[in-house]
Amino acid sequence: MHRPGSRGRRVVAVAIVILLAGIGAARPAAIAAAAGQQPGIRGRDTVVPGITVLLEDSVGLIRGKRVGLLTNQTGVDRAGTSDIALLSHSPLAQRAGVQLAVLFSPEHGIRGQDDREFVPGGTDSASRIPLYSLYGATVLAPPDSILKRIDVLVIDLQDVGTRTWTYVASVVYAMRAAARTRVPVVVLDRPNPITGTRTEGPMLDGGLANPNESVPGHPARPYALAQIPLRHGLTMGELARYYNDDLHAGADLHVIPIRGWSRASWFDETGLPWVKPSPNLPSLASALLYPALVAFEGSNVSVGRGTPEAFQQLGAPWLDAKRVVALLAPRRLGGVRFEASVFTPVAPGDGKFGGRAIPGVRIVITDRSQVETGRLGATLLWAFAAANADSLRLDTLAFDLRFGDPAARSALLHGADPDQTMAAMAPAIAAFRQRVAPYLLYQ
């Protein structure tokens with residue numbers, strides 16, 4: 001593994017910039033952490049996203065340049081103004097001679113409303129700027145022919161702290177394409193909404209990982225890029241720095257850090273507007289439980305898509321919900337309790353049980369700081385298998401690509417203790433923490 005800035009590339013965390021020179025200067029994490037934060041509120045009045053830091057302190061990186069922007073509905077400033085508007089119409093961008101030339105959108109589209117494959121491009125209806133969708137049958141890289149028309153690629157996408165998030169693949173593929181076409185990349189950082197203090201397994205098995213785009217006979221795996229934990233504890237900017245080296249993307253990468261964010265802060269403590277990062281993550285509660293439930297996308301169990309509590313409940317017509325709750329209660333999982341419920345998915349994007357009232361298990365968060373999502377997901381699989389072994393069906397590859405560990409999945413299905421199964425992963429998780437330490441930007 002190479003250290004940040006190896007192979008002669010500039011990998012710069014930009015927080016204070018000499019505007020005339022336009023050169024990013026690294027800022028110590030201790031300074032980047034917010035000063036004067038109030039106890040219990042942390043950075044509510046001081047957290048500033050990367051887009052604002054770029055325009056106020058680092059505009060030299062895009063001064064007088066044709067800019068391509070990879071973003072979606074999550075790319076906004078503290079007031080909720082979109083990056084598209086800020087880079088095309090704000091006084092700071094206009095004085096700097098910025099030309100927003102082209103837009104790129106990830107899965108779910110530029111507005112985050114498309115829950116399907118083959119999201120269309122064309123022209124952005126609001127800005128009238130050419131728009132290229134980077135989501136077909138799977139995640140796509142920006143075309144080289146389009147990148148050659150711009151001088152710099154700016155990326156602003158909200159990560160949710162989970163390995164399976166396809167927006168990260170959009171960043172990796174874009175960095176690789178930008179390196180190929182010699183276009184610098186500027187990643188505008190945003191907080192990890194579920195904090196940057198926890199790193200939890202399972203790790204992704206190396207035999208499942210594929211960081212590459214689709215080629216004939218080898219489909220892409222955008223939610224299974226590399227051997228990292230299910231809950232990784234990083235921001236998008238930190239992931240970009242790490243993957244640029246670890247996956248040999250080779251981009252001329254500049255990360256614009258968040259000003260005033262600390263790793264212990266939850267998103268609702270930042271004062272930034274919550275914008276649904278995808279159609280099925282309506283709330284911070286859903287984002288926190290998402291890593292625990294996402295593997296069940298590869299099963300005949302609904303994760304609550306098509307309901308206001310997506311990724312906060314699990315259900316199926318055959319489920320003995322009361323039995324599952326009874327099995328879960330003595331496990332003493334921190335920060336959550338379980339309730340037997342009934343829910344009805346309405347036009348769910350996964351097509352599971354639409355319009356049917358189905359028995360379910362609702363997860364109620366009682367202390368979010370105590371929630372261990374890896375252990376929670378493993379225990380849910382164990383309980384569902386114990387209660388309804390004859391009815392539970394897994395698409396094992398789809399499940400494993402999200403859960404990450406085929407051996408652990410098999411053991412849990414056969415009754416292995418979930419706590420012992422997860423405890424065995426601790427050395428690999430600790431090794432990952434050491435591996436990514438040089439890429440961290442915040443305390």
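Reader: What does the accessible surface of the protein chain come to?
Author: About 16,700 Å² in this predicted model. Carbon and sulfur atoms account for 52% of that surface.

Reader: And how much of the chain counts as buried?
Author: Of its 443 residues, 58%.

Reader: What's the mean pLDDT?
Author: It is 91 for the protein chain. 90% of the residues reach 70 or more.

Reader: Where is the pLDDT below 50?
Author: Over residues 1–41. That stretch still has 101 contacts in the model beyond near neighbours in sequence.

Reader: Fold next. How many helices and strands?
Author: The protein chain has 14 helices and 15 strands. Take its contacts with a separation of 6 or more: 77% of them join residues 24 or more positions apart.

Reader: Which residues touch the most other members of the largest nonpolar core?
Author: Ile155, Met175, Tyr243, Phe338 and Leu380. The core holds 108 residues. Helix α6, residues 166–181, gives the largest share, with 10 residues.

Reader: Is there a second core, and what does that one include?
Author: A separate core of 26 residues includes Val53, Leu69, Ile84 and Leu103.

Reader: Back to Leu380. What does Leu380 touch?
Author: Leu293, Phe296, Leu314, Leu328, Phe338 and Ile363. That leaves out residues up to four places away in sequence. Phe338 is also among the residues that touch the most other members of the core.

Reader: Tyr243 was on that list too. Which residues of its helix, α7, are buried?
Author: Met236, Gly237, Glu238, Leu239, Ala240, Arg241, Tyr242, Tyr243, Asn244 and Asp245. So helix α7, residues 236–246, is mostly covered, at 10 of 11 residues.

Reader: What follows α7?
Author: His248, with a positive phi near 55°.

Reader: New topic: Gln73. Where does Gln73 lie?
Author: In the loop between β4 (66–71) and α3 (83–89).

Reader: Buried or exposed?
Author: Gln73 counts as buried because its relative accessibility is 14%, and the cut-off for buried is under 20%.

Reader: Which residues is Gln73 in contact with?
Author: Gly109, Ile110, Arg111, Gly112, Tyr167, Val275, Lys276, Pro277 and Ser278. Neighbours within four places in sequence are left aside.

Reader: What about its polar side-chain atoms? Which backbone oxygen lies 3.2 Å from one of them?
Author: The backbone oxygen of Pro277. Pro277 is also one of the contacts just listed for Gln73.

Conventions. Residues numbered from 1 in each chain as written. Predicted model: local features only at pLDDT ≥ 70, side-chain atom pairs only at ≥ 80, totals over all residues. Heavy atoms only, no water. Core = buried A, V, L, I, M, F, W, Y, C linked by side-chain atoms within 4.5 Å. Buried < 20%, exposed > 50% of the residue type's maximum accessible area, 1.4 Å probe, protein only. Helix = DSSP H or I, 4+ residues; strand = E, 2+ residues; numbered from the N terminus. Contact = heavy atoms within 4.5 Å. Areas by Shrake-Rupley, 256 points an atom, 1.4 Å probe, with all protein chains shown as cover. Polar contact = N/O pair within 3.5 Å; in protein donor to acceptor, adjacent residues only side chain to side chain. pLDDT = per-residue confidence, 0-100.
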